[in-house]
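Reader: Hi! Could you walk me through this one? I'd like to start with a single residue and work outwards.

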Amino acid sequence: MKYLLSALCFIGFMSCNNGQSEQALEHLDKKSAREVTLKTVTKGDSVLHITTQHIWYNGEQITSKSDTMVTAIAPGTWNTTDSSATLSKVPIYVTVQ
């Protein structure tokens, strides 16, 4: 019974091990792909969240688009005692379809 339990644990452990290694984004083939980059820039009292997309199909870049979302650098609250709060570190989520 002890050997059977050991064998089952070993098989379970090996089945959870993923044999595929991850490939860095810089090395992916851009024959048919979409690249999305996000950048945050602080300018004066505003924060610019810039999203850039490049789409390749059959080895050619078919389109490129850039969008900018502007937010205030500090959140508008009634409490003015916390001056360290900033919106430049707020995460931005992008949905790609």
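**Starting from one glutamine**

Author: Happy to. Leaving out residues up to four places away in sequence, Gln-53 touches Arg-34, Glu-35, Val-36, Thr-63, Ser-64 and Lys-65. Keep in mind that this is a predicted model.

Reader: Where is Gln-53 found?

Author: Gln-53 lies in strand 2.

Reader: And what does the side chain of Gln-53 make a polar contact with?

Author: With the side chain of Arg-34, at 3.1 Å. Arg-34 is also one of the residues that Gln-53 touches.

Reader: Okay, zooming out. What does the secondary structure of the chain come to?

Author: There is one helix, and there are three strands. Reading from the N terminus, the order of elements is α-β-β-β.

Reader: In which order do the three strands form the sheet?

Author: The order is 1-2-3, in an open sheet with antiparallel pairing. Strand 1 (33-43) and strand 3 are at the edges with a single partner strand each, so each has one side without a neighbour in the sheet. From one strand to the next, the twist averages 15 degrees.

Reader: How many bridges join strand 1 to strand 2?

Author: 11 bridges, and these two strands run antiparallel. For a landmark in that pairing, look at Val-41, which stands opposite Leu-48 in strand 2.

Reader: What about the hairpin of strand 1 and strand 2: how many residues are between the strands?

Author: Two residues. Gly-44 in this hairpin has a positive phi near 65 degrees.

Reader: Fine for a glycine. Which residue has a positive phi although it is not a glycine?

Author: Asn-58 does, with a phi of about 55 degrees. Asn-58 sits in the loop between strand 2 (46-57) and strand 3 (60-72).

Reader: Changing topic: how many of the residues count as buried?

Author: The chain has 97 residues, and 9% of them count as buried. "Buried" here means under 20% relative accessible area.

Reader: And what does the accessible surface of the chain come to?

Author: About 8600 Å², with 57% of that belonging to carbon and sulfur atoms.

Reader: Last one, on contacts with a separation of 6 or more. What share comes from residues 24 or more positions apart?

Author: Those residues account for 34% of such contacts in the chain.

Reader: Great, thanks!

Methods
Residues numbered from 1 in each chain as written. Predicted model: local features only at pLDDT ≥ 70, side-chain atom pairs only at ≥ 80, totals over all residues. Heavy atoms only, no water. Helix = DSSP H or I, 4+ residues; strand = E, 2+ residues; numbered from the N terminus. Buried < 20%, exposed > 50% of the residue type's maximum accessible area, 1.4 Å probe, protein only. Contact = heavy atoms within 4.5 Å. Areas by Shrake-Rupley, 256 points an atom, 1.4 Å probe, with all protein chains shown as cover. Pairing = 2+ DSSP bridges. Axes fitted to C-alpha atoms, helices over the stretch in contact; angles between N-to-C directions. Polar contact = N/O pair within 3.5 Å; in protein donor to acceptor, adjacent residues only side chain to side chain.
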